[in-house]
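Trainee: I should like to learn how to read the features of a protein model. May we go through one together, step by step?

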Amino acid sequence: MDFKKIDEQDLVFFRSVVGEEFVLTTPEGLAKYAKDETEDLRFPPEVVLKPANTDEISRIMRYCNERNIPVSPRAAGTGLSANSLCIYGGVMLTIERLNKIINIDEQNLQVTTEPGVITEQLQNAVKEKGLYYPPDPSSRGSSFIGGNVACNSGGPRAVKYGVVKDFVLNLEVVLANGDVIWTGANVLKNSTGYNFTQLFVGSEGTLGIVTRIVLKLVPHPQYTLVMLAPFPSMEQAAAAVAATFQAGIVPSCMEFMEREAIDWVCRWLGDVTIPIADDVRANLLIELDGNDLDVLYKESEQLYEVLTRFDCGEILFADSDAQKADLWRMRRNVANAVKTTAVTIEEDTVVPRYRLPELLTHIKAVGRKYNFRSVCYGHAGDGNVHVRIIKDELTDDQWKNEVPKGVREIFEKVVELGGTISGEHGIGWVQRRYMDVKFPAMQLDLMRGVKAVFDPKGILNPGKIF
Ligand SMILES: Cc1cc2nc3c(=O)[nH]c(=O)nc-3n(C[C@H](O)[C@H](O)[C@H](O)COP(=O)(O)OP(=O)(O)OC[C@H]3O[C@@H](n4cnc5c(N)ncnc54)[C@H](O)[C@@H]3O)c2cc1C
């Protein structure tokens with residue numbers, strides 16, 4: 001792609017818009033923004049800009065569009081598909097200064113926020129008013145709500161409440177040419193022309209820059225029951241998932257961890273006190289939530305009956321808030337535990353939940369074929385399994401050239417089972433080479449056509465999705 005390089009004149013303009021201290025050009029300043037949480041990739045931007053508001057972003061976009069300078073929006077940088085990295089250099093535009101919650105509307109159960117608010121802070125702020133924003137990626141302590149919107153993120157509670165798209169009502173967006181639009185209305189129903197709101201959700205910064213977000217909220221549930229159910233095989237644990245829903249039970253979370261995931265996280269955390277018997281091959285971490293404890297206990301008895309049909313061992317019921325927190329700490333740290341102690345890549349498979357046992361069997365068979373070890377875990381209730389593939393003793397050549405063939409075979413199976421190649425992490429830069437597994441060329445052309453309407457010069461986050 002033929003983009004203009006940034007020169008001194010451009011920097012003078014950027015400083016005049018955002019102020020000198022919010023234009024970074026030194027190698028140290030750029031280093032933090034050269035990477036995210038995907039593997040060990042490094043793509044330094046030419047400049048990092050930290051605008052404070054919509055107007056500044058609009059002026060930057062108008063300028064860059066006229067001069068053909070690429071712009072990649074960035075939130076907290078916790079992405080797992082290299083979707084915010086500046087593959088072609090240019091501007092990294094971080095939204096970290098747009099970090100205010102503008103209004104919590106208790107009458108309409110809505111919140112209007114800037115995109116740079118940390119997900120968990122938004123959840124805590126609405127909780128103080130008795131309200132609940134359920135989408136909770138495991139990175140919620142650091143990811144920004146704007147990044148969540150741009151990735152259509154999920155998380156454990158998606159199984160009952162839905163993913164980010166189910167909560168976004170309206171977005172303020174700066175387009176590639178600097179124009180500013182609101183995509184919808186702050187209402188619960190909308191049947192008015194094309195649905196631009198949902199087009200921007202999950203578009204990974206390739207169509208526009210989100211500067212304000214209106215989210216739907218729900219009342220906060222009063223009680224949760226949290227339990228850890230052990231199984232003698234991955235397949236039995238996975239089969240128990242679909243059976244639970246078939247029995248009419250809808251847990252607020254149903255998370256899967258194969259044995260290796262548990263061992264890895266326990267080693268890494270070092271202080272987990274939860275006993276795991278030797279013959280356990282997989283666990284389901286299950287949460288039920290609601291406002292009536294008697295109903296929840298009755299539901300947990302029903303659940304117990306379902307799980308025992310799949311040879312579930314002794315279930316651990318968390319008997320205190322501290323034990324609940326410990327179980328969740330274990331689950332939420334699996335990715336960190338594996339990736340900080342090994343060279344890995346992560347795939348984000350999703351299939352209809354009743355096909356999970358077949359998928360897991362296939363993943364391990366592909367691993368044996370290509371000699372790689374994998375750690376499987378994730379949001380089983382949604383049929384969404386993360387597959388962390390470990391380099392171990394593989395040569396660089398095997399890692400670069402053989403493992404991707406195995407990944408392709410996993411994705412082919414995923415599609416054959418009725419699923420798709422990313423449930424919540426997005427395509428970004430690293431998964432785009434597999435898009436043909438899911439979509440025929442004609443459909444990819446349609447997507448490129450949509451991109452061209454919003455961003456004719458292709459300056460917004462180039463190198464992503466296609
Ligand atoms: C330990 C760990 C656990 C994780 N667990 C989960 C999980 O459970 N569920 C899940 O879904 N994900 C998970 N993730 C992935 C990641 O946290 C999510 O994708 C998250 O939504 C990214 O948010 P961010 O603020 O870090 O965005 P970034 O990584 O900064 O950006 C992500 C994408 O959003 C675009 N973007 C950012 N801001 C804007 C904007 N204002 N307008 C337009 N585009 C924008 C970027 O260009 C990029 O394409 C996890 C990651 C880690 C490291």
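**Aromatic pairs, burial and the ligand shell**

Mentor: Let us begin with the aromatic rings. The structure, which is a predicted model, holds 10 aromatic pairs.

Trainee: What is the geometry of the pair formed by F3 and Y88?

Mentor: Rings are taken as a pair if their centres lie within 6.5 Å, and planes over 60 degrees apart count as edge-to-face. For F3 and Y88 the centres are 5.8 Å apart and the planes make an angle of 65°, so the pair is edge-to-face.

Trainee: Where in the chain do F3 and Y88 lie?

Mentor: They belong to distant parts of the chain, 85 residues apart. F3 is in the segment before α1 (8-18), while Y88 is in the loop between β3 and β4 (91-94).

Trainee: Is F3 buried or exposed? And how does Y88 count?

Mentor: A residue is called buried under 20% relative accessible area and exposed over 50%, with partly exposed in between. F3 has 15% relative accessibility and therefore counts as buried. Y88, at 29%, counts as partly exposed.

Trainee: Which type of aromatic pair do F411 and Y434 form?

Mentor: F411 and Y434 also form an edge-to-face pair, with 5.2 Å from centre to centre and 70° between the planes. This pair, too, links distant parts of the chain: F411 sits in helix α14 (residues 396-416), and Y434 sits 23 residues away in the loop between α14 and α15 (435-438). Both F411 and Y434 are buried.

Trainee: Which residues form one aromatic cluster?

Mentor: F13, F14 and Y63 form one such cluster.

Trainee: Let us turn to the ligand. How many residues surround the ligand, and which are the closest?

Mentor: To describe a binding site, one begins by listing the residues around the ligand. Here the shell holds 34 residues, and the closest are P73, G77, T78, S139 and S153. By character, the shell divides into 11 nonpolar, 19 polar and four charged residues.

Trainee: Which element gives the largest share of the shell?

Mentor: Helix α5 does, with four residues.

Trainee: Between which domains does the ligand lie?

Mentor: One asks which domains contribute to the shell. Domain 1 (101-219) and domain 3 (339-427) both give residues to it, so the ligand lies between them.

Trainee: Which side chains have polar atoms at short listed distances from the ligand, and what are those distances?

Mentor: For such a contact, one looks for a pair of N or O atoms within 3.5 Å. An N or O atom in the T78 side chain is 2.6 Å from a ligand oxygen. For N148, a polar side-chain atom lies 2.8 Å from an oxygen atom of the ligand. In the case of E424, the side chain places an N or O atom 2.9 Å from a ligand nitrogen. As for the ligand's surface, it exposes 990 Å² when taken alone, and the protein buries 97% of that.

Trainee: What else can be said of N148 and its surroundings?

Mentor: N148 lies in helix α5. Its relative accessible area is 3%, so N148 is buried. The N148 side chain also makes a polar contact with the side chain of S143, at 3.2 Å.

Trainee: As a last case, how far apart are I389 and A342 in sequence and in space?

Mentor: Sequence separation and spatial distance should be read side by side. I389 and A342 are 47 residues apart in sequence, and their C-alpha atoms are 9.6 Å apart in space. I389 itself is found in strand β18 (residues 384-390), and at 0% relative accessibility I389 counts as buried.

Terms used: Residues numbered from 1 in each chain as written. Predicted model: local features only at pLDDT ≥ 70, side-chain atom pairs only at ≥ 80, totals over all residues. Heavy atoms only, no water. Near = heavy atom within 4 Å. Polar contact = N/O pair within 3.5 Å; in protein donor to acceptor, adjacent residues only side chain to side chain. Areas by Shrake-Rupley, 256 points an atom, 1.4 Å probe, with all protein chains shown as cover. Helix = DSSP H or I, 4+ residues; strand = E, 2+ residues; numbered from the N terminus. Nonpolar A, V, L, I, M, F, W, Y, C, P; charged D, E, K, R; others polar. Domains from an automatic or database assignment. Phe/Tyr/Trp six-rings, centres within 6.5 Å; stacked < 30°, edge-to-face > 60°. Buried < 20%, exposed > 50% of the residue type's maximum accessible area, 1.4 Å probe, protein only.
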